[in-house]
Amino acid sequence: MKIVDLKTHAVAVLTEAPLRHSTGVHPGYFVRTIIELVTDEGLVGLGEVGGGDQSGLFQTLKPRLIGEDPFHIERIKQKTLRQIYYISNPRAYATIEIACLDIQGKAIGRPVSDLIGGRLRDEVPFNASISYRYREGDAGGETTPEEMVAYTRRAVAECGFRSGKLKAGVLPPENDIAILYALRDALGPDFGLRVDPNGFWSRGTAIRVAKQLEACHLEYLEDPTWGLEGMARVRERTSIPLATNMCVARFDDFAAGVAMNAVDIVLSDIYYWEGIQGVKTLAGMCDAFRLGLGMHSGSELGVTLAAMVHTAATLPNLTYSVDTLYHHMLDDIIVGGKMPFRNGCIAVPRGPGLGVELDPDRLAKAEELFRQRGDYYARFHEDTRRPDWFPINPGW
Ligand code: MG
């Protein structure tokens with residue numbers, strides 16, 4: 001079997017309201033690039049990646065893929081990820097690997113999870129992202145503990161989530177602390193709670209906030225401050241486990257992270273960690289060092305979400321629910337629309353490959369929305385409601 005073509009689609013999908021984070025705002029939609037890897041046997045593998053419109057990148061890589069066998073992913077990895085160090089792009093390779101595994105599964109009639117060890121669980125639990133939102137129409141605008149609790153309760157009622165993560169660092173830390181205690185009171189002692197200011201607190205603020213949150217029984221504190229050194233010093237001063245998707249975010253960071261005792265939990269990500277196979281390798285490394293393992297969300301649509309669910313289902317040491325922003329989205333580009341949450345979980349697709357297919361009508365609509373709205377990743381930090389603002393780290 002040989003790869004004969006690679007097609008790309010830049011798409012945009014609306015969210016219910018703009019989502020704020022410590023370094024800016026997702027302005028009411030997410031942008032993704034979908035790829036279709038076409039073979040000479042008529043099988044088509046799907047891939048997806050974030051970070052704006054990546055079509056140009058894939059057209060650059062396309063000549064290296066034409067003629068390759070989609071079963072030979074180690075060879076494809078060398079040609080697309082390892083060939084030239086200064087243009088090494090793990091996200092691009094991961095996207096191609098997802099599409100190759102989709103083709104492999106379709107070729108042998110087995111789900112991707114069966115190609116990577118087989119599923120240990122039939123459904124994967126997810127963790128609701130709880131973001132400050134700007135108001136748009138009838139939705140959003142929450143800032144107070146009461147408003148954030150009401151909005152989280154709605155997500156819990158609709159999707160059955162059993163854990164949630166506050167995207168902090170938008171407002172002063174005292175507001176985040178009050179919200180977390182209000183969520184604890186409202187949702188009970190068994191509801192999993194996390195907080196992530198994306199490294200936006202100073203080391204001193206992070207230590208002070210951690211002390212004030214000790215009684216809130218968090219699952220973990222995620223990237224409270226910037227970098228391995230900052231995280232290591234905060235970790236000395238708190239009993240709350242520290243997690244990261246920022247300072248141990250690629251294989252080159254791992255040894256230093258362990259040597260410096262910087263973190264307790266590494267949040268895997270198919271794109272940061274060089275594909276699904278890379279996440280499997282990371283899981284083994286975390287197990288060897290008895291580090292916890294979670295999974296980061298990058299505002300994915302159904303193709304990536306399926307890849308995440310297949311991967312997560314095969315990881316024995318994935319003891320934390322997987323992060324998601326999916327509940328914020330109004331639609332998807334796959335057949336059937338959004339994958340449903342049941343009791344906070346998504347079922348592992350059973351069809352061949354990823355088990356999801358593109359819906360031509362939804363895809364066309366999402367491509368049109370991208371053409372209308374444009375690629376906000378080029379102006380990622382812009383906040384149109386605060387035109388003169390830009391993030392200065394540490395913010396608090
Ligand atoms: Mg994070």
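**Exercise 1. Determine whether N245 is buried or exposed in this predicted model, and identify the metal site to which N245 belongs.**

Solution. Step 1: N245 has a relative accessibility of 5%. Residues under 20% count as buried, so N245 is classed as buried.

Step 2: N245 contributes its OD1 atom to the coordination of the magnesium ion. The other donors are D196 (OD) and E222 (OE), and the distances run from 2.0 to 2.3 Å. Along the sequence, the donor residues follow the spacing D-x25-E-x22-N.

Step 3: E222 belongs to strand 9 (residues 220-222), whereas N245 is placed in the loop between strand 10 (242-244) and helix 9 (251-259); the pair therefore ties together parts that are 23 residues apart in sequence.

Step 4: E222, with a relative accessibility of 0%, also counts as buried.

**Exercise 2. State which strands pair with strand 6, and in which sense.**

Solution. Step 1: Strand 6 spans residues 123-131, and seven of its nine residues are buried, so the strand is largely enclosed by the rest of the structure.

Step 2: Strand 14 (residues 345-347) runs antiparallel to strand 6 and is joined to it by three bridges. Here P125 stands opposite C345.

Step 3: Strand 13 (residues 322-324) pairs with strand 6 in the parallel sense, over three bridges. In this pairing, A128 faces T324.

Step 4: Strand 7 (residues 163-167) is likewise paired with strand 6 in the parallel sense, over four bridges. A128 stands opposite G164 in strand 7.

**Exercise 3. Describe how helix 3 is placed against helix 10, and which residues make the contact.**

Solution. Step 1: Two packed helices are described by the angle and the distance between their axes.

Step 2: For helix 3 (residues 90-108) and helix 10 (residues 275-288), the axes come within 7 Å and cross at roughly 100°. Helix 3 is therefore roughly perpendicular to helix 10.

Step 3: Helix 3 contributes A94, E97, I98 and L101 to the contact, and helix 10 contributes G275, I276 and Q277. By class, four of these residues are nonpolar, two are polar and one is charged.

**Exercise 4. Locate L43 and list its contacts beyond its neighbours within four places in sequence.**

Solution. Step 1: L43 is found in the loop between strand 4 (29-39) and strand 5 (44-49).

Step 2: Beyond those sequence neighbours, L43 is in contact with M1, L37, V38, I103, K106 and A107.

Step 3: K2 is 41 residues from L43 along the chain, and their C-alpha atoms are separated by 10.0 Å.

How values were computed:
Residues are numbered from 1 along each chain as its sequence is written. This is a predicted model: local features need pLDDT of at least 70, side-chain atom pairs count only at pLDDT 80 or more; totals for chains, interfaces and linings use all residues. Side-chain values use heavy atoms; hydrogens and water are left out. Helices (H or I, at least four residues) and strands (E, at least two) are DSSP runs, numbered from the N terminus. Contact means heavy atoms within 4.5 Å. Donors are N, O and S atoms within 2.8 Å of the metal (3.2 Å for Na, K and Ca); water is not among the atoms, so sites may look incomplete. Buried means under 20% relative accessible area, exposed over 50%, partly exposed in between (1.4 Å probe, protein chains only). Axes are lines fitted to C-alpha atoms, for helices over the stretch in contact, and angles run from 0 to 180 degrees between N-to-C directions. Angles under 35 degrees count as roughly parallel, over 145 as roughly antiparallel, 65 to 115 as roughly perpendicular and the rest as oblique. Ala, Val, Leu, Ile, Met, Phe, Trp, Tyr, Cys and Pro count as nonpolar, Asp, Glu, Lys and Arg as charged, and the others, Gly among them, as polar. Two strands pair if DSSP finds at least two bridges between them.
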